Amino acid sequence: MSRVVFITGATSGFGKECARMFAKNGDRVVAVGRRVEKLKELKDELKEYDVFSLPFDVSDKEAVLENVAFLPAKYKNIDILINSAGLALGLELSPEAHIEDWERMIDVNIKGLLYVTKAILPIMVERKSGYIFNLGSIAGSWPYQGGNVYGATKAFVEQFSYNLRTDLRGTNIRVSNIEPGAAKTEFSDVRFKGELEKAKKVYDGYEPLVATDIANLIFTLANLPEHVNVNSLEVMPTAQTWAGLHVEKK
Ligand code: NDP
Ligand code: 8X3
């Protein structure tokens, strides 16, 4: 049966790959991002399928509420929400990091995710059905130098996912926190603010995850029987492991 899948961050990376996968499965996809031309490209690529593009900034509370409230009837009954919009800005250590970068990550990764979730929850609760995927990160569990506020926003996403799931007891709504490791998308281009050579180096010399890896997992989870809830899913490239506990010696 065709489901309505509302995807933020559908113009790139995990969100875009999810849009492709669900649309090709015959689901009705609502694709959200700020870049109108990227949404148009996606819609053109998937013209044989059902894709509705909705350009807005998830950190703009009014825009979120308005866009969800005025969805056409065909896309109103949202079955699946994929909160993929998010970003890291900078890799400086805390003393050198820019407060504006910290604020932006909090605005998008935390507040944006909350606005979208809060706007869509009543639709799912009323229908006693739904599945929410939040894009957390390994950075939410495992500290690394320069991860500071980015990692902290993803720790928020993890704990919010668990608390949300607890609040939704009895509603039949599922919540999964997806925690990928290094994945080659536009993520590092954004983190390094367009310094593409620097971004490319992040993925040199090993096989990173790609967006399809994560979209495949989300698609698989979304097709599990309704009585199964995967609370969290941590996924790394095989080449990536934990850093180990560092001791600074004299
Ligand atoms: P990309 O940079 O490739 O995609 C990010 C998406 O988020 C884009 O579609 C972008 O669209 C959208 N976005 C960013 N800010 C906003 C905003 N204010 N309003 C609406 N949309 C926005 O990154 P990924 O696909 O890799 O990342 C997706 C999620 O996964 C993020 O939350 C990220 O933190 C997380 N993640 C990424 C990992 C990685 O290594 N790649 C690993 C672990 C987690 P547009 O610019 O058009 O608005
Ligand atoms: C993105 C993964 O390790 O670059 O969330 O922070 S990492």
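**Two ligand sites and a helix residue**

In ligand 2, an oxygen atom sits 2.6 Å from a side-chain N or O atom of Ser-137, a polar contact being a pair of N or O atoms within 3.5 Å (within protein, one must be able to donate a hydrogen and the other to accept it, and residues adjacent in sequence count only if both atoms are side-chain atoms). The model is predicted, with local features needing pLDDT of at least 70 and side-chain atom pairs counting only at pLDDT 80 or more, while totals for chains, interfaces and linings use all residues. Residues are numbered from 1 along each chain as its sequence is written, chains are lettered from A and ligands numbered from 1 in the order in which they are written, and side-chain values use heavy atoms, with hydrogens and water left out.

Two tyrosines also make polar contacts with ligand 2: a side-chain N or O atom of Tyr-144 is 2.5 Å from a ligand oxygen, and for Tyr-150 the corresponding distance is 2.6 Å. Of the 240 Å² of accessible area that ligand 2 has on its own, the protein covers 84% (Shrake-Rupley method, 1.4 Å probe; for residues, only the protein chains shown count as cover). The shell around ligand 2 consists of Ser-137, Ile-138, Ala-139, Tyr-144, Tyr-150, Phe-187 and Arg-191, where a residue is near a molecule or strand if one of its heavy atoms lies within 4 Å of it. By class, this shell holds 5 nonpolar, 1 polar and 1 charged residues (Ala, Val, Leu, Ile, Met, Phe, Trp, Tyr, Cys and Pro are nonpolar; Asp, Glu, Lys and Arg are charged; the others, Gly among them, are polar).

Turning to ligand 1, 29 residues surround it, and the closest are Thr-11, Ser-12, Arg-34, Tyr-150 and Thr-185. Tyr-150 thus appears in the surroundings of ligand 1 as well as of ligand 2. A polar side-chain atom of Tyr-150 is 2.6 Å from an oxygen of ligand 1, and the side chain of Ser-12 places an N or O atom 2.5 Å from a ligand 1 oxygen. Gly-181 contributes through its backbone, with an N or O atom 3.4 Å from an oxygen of ligand 1. On its own, ligand 1 exposes 880 Å², and the protein buries 96% of this. Helices H1 (13-24), H5 (99-127) and H6 (148-167) are the elements that give two or more residues to its shell; helices (H or I, at least four residues) and strands (E, at least two) are DSSP runs numbered from the N terminus. The shell of ligand 1 comprises 12 nonpolar, 11 polar and 6 charged residues.

Finally, Asn-67 belongs to helix H3 (residues 61-69). A polar atom of the Asn-67 side chain is 2.8 Å from the backbone oxygen of Ala-63. Leaving aside residues up to four places away in sequence, Asn-67 touches Leu-54 and Phe-56, contact meaning heavy atoms within 4.5 Å.
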